[in-house]
Amino acid sequence: MTLPKKGSRLITVGDTSYRWRVRHKPTYDQGMGWSPMAFGVQLAADPGSVLMVTLPYHRLDNWLYLEGVSVRPALVARCITVALGEGWAPERPGSAYRLKVTQEQSVEWAVPVVNPLYL
């Protein structure tokens with residue numbers, strides 16, 4: 001499985017370039033606030049395994065105006081570093097590696113939570 005290039009962004013962590021992407025529109029479950037925010041990461045050149053990151057927050061474009069997060073490059077870089085430390089091998093083909101960010105980690109990493117009613 002690979003990420004589409006359209007809508008993805010490049011990020012460099014260490015000496016390696018990655019491509020990351022947040023789904024353009026929320027799924028129905030994400031829009032209703034039933035599923036959390038998620039994004040995918042893969043190597044920019046010769047992608048192998050995809051890193052699927054799940055955050056403990058809603059998308060900002062959810063339909064019920066629940067508090068959510070905006071995925072920023074600093075958060076993506078931190079997730080890549082953690083996943084690599086846990087054993088994600090982005091150059092090896094195979095099923096997606098899943099990283100679930102906990103509430104405690106997000107507080108420690110200072111992930112900004114936003115209420116969309118005040119945007």
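# Exercises on a predicted model

Asp-46 is exposed, with a relative accessible area of 66%. The model used here is predicted. Each exercise below has a task and a worked solution.

## Exercise 1: Two loop residues with positive phi

Task: Find where Asp-46 and Ala-110 sit, and decide whether each is buried or exposed.

Solution.

1. Start with Asp-46. This residue belongs to the loop between β3 and β4.
2. Check its backbone. Phi is positive at Asp-46, about 50 degrees, although Asp-46 is not a glycine.
3. Apply the cut-off. Exposed means over 50% relative accessible area. Asp-46 has 66%, so Asp-46 is exposed.
4. Move to Ala-110. The loop between α3 (103-108) and β8 holds this residue.
5. Its phi is also positive, about 60 degrees, and Ala-110 is not a glycine.
6. Ala-110 has a relative accessibility of 58%, so Ala-110 counts as exposed.

## Exercise 2: Two buried loop residues

Task: Work out which residues Ser-49 and Val-111 touch, leaving out residues up to four places away in sequence.

Solution.

1. Place Ser-49. It is in the loop between β3 and β4.
2. Use the other cut-off. Buried means under 20% relative accessible area. Ser-49 has 6%, so Ser-49 counts as buried.
3. List its contacts. Ser-49 touches Val-41, Trp-88, Ala-89, Pro-90 and Arg-92, and also Pro-93, Gly-94, Ser-95, Ala-96 and Tyr-97, with residues up to four places away in sequence not counted.
4. Place Val-111. It is in the loop between α3 and β8.
5. Val-111 has a relative accessibility of 14%, so Val-111 counts as buried.
6. List its contacts in the same way. Val-111 touches Tyr-57, Val-69, Leu-75 and Ser-106, with residues up to four places away in sequence not counted.
7. Add a distance. Val-111 and Gly-40 are 71 residues apart along the chain, and 17 Å separates their C-alpha atoms.

## Exercise 3: The nonpolar core

Task: Describe the largest nonpolar core and say which element gives the most to this core.

Solution.

1. Take the size. The largest nonpolar core has 24 residues.
2. Find the residues with the most contacts inside this core. They are Val-41, Leu-55 and Ile-80.
3. Name the suppliers. At least two core residues come from each of β1 (9-13), β2 (16-21), β3 (38-43), β4 (51-54) and α2 (73-86).
4. Pick out the main one. α2 gives the most, with five residues.
5. Look at Ile-80. Its contacts are Ile-11, Val-13, Tyr-18, Val-41, Leu-51 and Trp-88, with residues up to four places away in sequence not counted.

## Exercise 4: An open sheet

Task: Give the order of the three strands in the open sheet, and explain why β5 and β8 stand at the edges.

Solution.

1. Read the order. The three strands run β5-β6-β8, and the pairing is mixed.
2. Count partners at the ends. β5 (58-59) and β8 (113-114) each have a single partner strand, so one side of each is left without a neighbour in the sheet.
3. Examine one pairing. β5 and β6 (residues 68-69) run parallel, joined by two bridges.
4. Find a facing pair. His-58 stands opposite Gly-68 in β6.

## Exercise 5: Aromatic rings

Task: Say how many aromatic pairs there are, and describe the pair of Trp-20 and Phe-39.

Solution.

1. Take the count. There are four aromatic pairs.
2. Describe the pair. The centres of Trp-20 and Phe-39 are 6.3 Å apart, with 70 degrees between the planes.
3. Classify the pair. Planes over 60 degrees apart count as edge-to-face. Trp-20 and Phe-39 therefore form an edge-to-face pair.
4. Trace the link. Trp-20 lies in strand β2 and Phe-39 in strand β3, so the pair ties together parts that are 19 residues apart in sequence.
5. Check burial. Trp-20 is buried, at 4% relative accessible area. Phe-39 is buried too, at 1%.
6. Note a cluster. Tyr-28, Trp-34 and Trp-63 are linked by ring pairs.

## Exercise 6: The whole protein

Task: Summarise the fold pattern and overall dimensions of the protein.

Solution.

1. Count the elements. There are three helices and eight strands.
2. Read along the sequence. The pattern is β-β-α-β-β-β-β-α-β-α-β.
3. Take the spans. The C-alpha trace covers about 40 × 30 × 20 Å along its principal axes.
4. Compare with a globule. A compact globule of 119 residues would have a radius of gyration near 14 Å, and the protein's 14 Å agrees.
5. Finish with burial. Of the 119 residues, 37% count as buried.

Key. Residues numbered from 1 in each chain as written. Predicted model: local features only at pLDDT ≥ 70, side-chain atom pairs only at ≥ 80, totals over all residues. Heavy atoms only, no water. Core = buried A, V, L, I, M, F, W, Y, C linked by side-chain atoms within 4.5 Å. Buried < 20%, exposed > 50% of the residue type's maximum accessible area, 1.4 Å probe, protein only. Helix = DSSP H or I, 4+ residues; strand = E, 2+ residues; numbered from the N terminus. Contact = heavy atoms within 4.5 Å. Pairing = 2+ DSSP bridges. Phe/Tyr/Trp six-rings, centres within 6.5 Å; stacked < 30°, edge-to-face > 60°. Rg over C-alpha atoms; globule rule 2.2 N^0.38 Å.
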